[in-house]
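Work through the exercises below with the sequence and the model side by side. Each task is followed by a solution that proceeds step by step.

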Amino acid sequence: MKDNDFLKPGDTVAHSNKQLMESPEVEKVADIVIERESLDFGPAEIGYFLVYPNLSKYKAAKCKKASREVEYYSGNNYLIEISGEMWDMLDQKTREMVLFHQLMHVDPVYKAKNQEWKMKIRKPDFSDFYEINDKYGNDWYKTVQATVSSLYDLDPKRESKVNL
């Protein structure tokens, strides 16, 4: 049989150059934050992932609501994704603050009328969550921006475009 450009059995397909992996390490840090800050997410389940090398040069982390298919197969209502190379460079305190910020997006709401939970995403107050800024300031955010900027050799003017 003549060779062609189609896939052969056993060939692998690369969807992108990004690698997504579940992270028990990130989950442990999240557990510390959840306990320290007394966060309550009702029955919501959260999946924690590292994306290597990164989500993008300007997006350090994100929290999103799982699609119904992802929810069905994984049991997770929310997914928190963090740029892996950045995570590896951060100190413990900054890691905790990145997760605190992402966990603040998780917003399950109980609807008494239907007696069910509605999983929502909370938007930050103004440019960040006031609760975090009032309690911890924003030096950690500048650390994230500087770390990402140095990792990807960003122009100093672009450093402020790095966000969570």
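## Exercise 1: helices on the sheet

Helix α1 (residues 24-36) lies across β1, β2 (46-52) and β4, running at about 130° to β2. Helix α4 (residues 92-103) also packs on the sheet, where it touches β2, β3 and β4, and its direction makes about 145° with that of β4. The model is a predicted one, in which local features need pLDDT of at least 70 and side-chain atom pairs count only at pLDDT 80 or more, while totals for chains, interfaces and linings use all residues. Residues are numbered from 1 along each chain as its sequence is written, and side-chain values use heavy atoms, with hydrogens and water left out.

Task: find the order of the strands in the open sheet of four strands, and name its edge strands.

Solution. Start from the terms: helices (H or I, at least four residues) and strands (E, at least two) are DSSP runs numbered from the N terminus, and two strands pair if DSSP finds at least two bridges between them. Following the pairing across the open sheet gives the order β1-β2-β4-β3, with mixed pairing. The edge strands are β1 (19-22) and β3 (61-65), each of which pairs on one side only. From one strand to the next the twist averages 25°. As a last step, look at β3 and β4 (residues 78-83), which run antiparallel and are joined by five bridges; within this pair, alanine 61 has isoleucine 82 of β4 as its bridge partner.

## Exercise 2: helix against helix

Task: describe how α1 and α4 cross, and then how α4 and α6 pack.

Solution. Axes are lines fitted to C-alpha atoms, for helices over the stretch in contact, and angles run from 0 to 180 degrees between N-to-C directions. The axes of α1 and α4 come within 9 Å and cross at roughly 75°. That makes α1 roughly perpendicular to α4, a label used for 65 to 115 degrees, whereas angles under 35 count as roughly parallel, over 145 as roughly antiparallel and the rest as oblique. Among the residues that make the contact (heavy atoms within 4.5 Å) are Val29 and Val33 of α1 and Leu99 and Phe100 of α4. By class, this contact has nine nonpolar, one polar and four charged residues, where Ala, Val, Leu, Ile, Met, Phe, Trp, Tyr, Cys and Pro count as nonpolar, Asp, Glu, Lys and Arg as charged, and the others, Gly among them, as polar.

For the second pair, α4 and helix α6 (residues 139-151) pack at an angle of about 100°, with their axes 9 Å apart. α4 and α6 are therefore roughly perpendicular to each other. Thr94, Met97, Val98 and His101 of α4 meet Trp140, Thr143 and Val144 of α6, and the residues of this contact divide into four nonpolar, three polar and no charged.

## Exercise 3: two backbone details

Task: locate the cis peptide bond before proline 53 and the positive phi of glutamine 115.

Solution. The peptide bond from tyrosine 52 to proline 53 is cis, with omega near 0°, and proline 53 is found in the loop between β2 and β3. Glutamine 115 has a phi near 50°, a positive value in a residue other than glycine, and its place is the loop between β5 (106-111) and β6 (116-121). These two strands run antiparallel and are joined by six bridges, with aspartate 107 opposite lysine 120 in β6. The hairpin of β5 and β6 has four residues between the strands.
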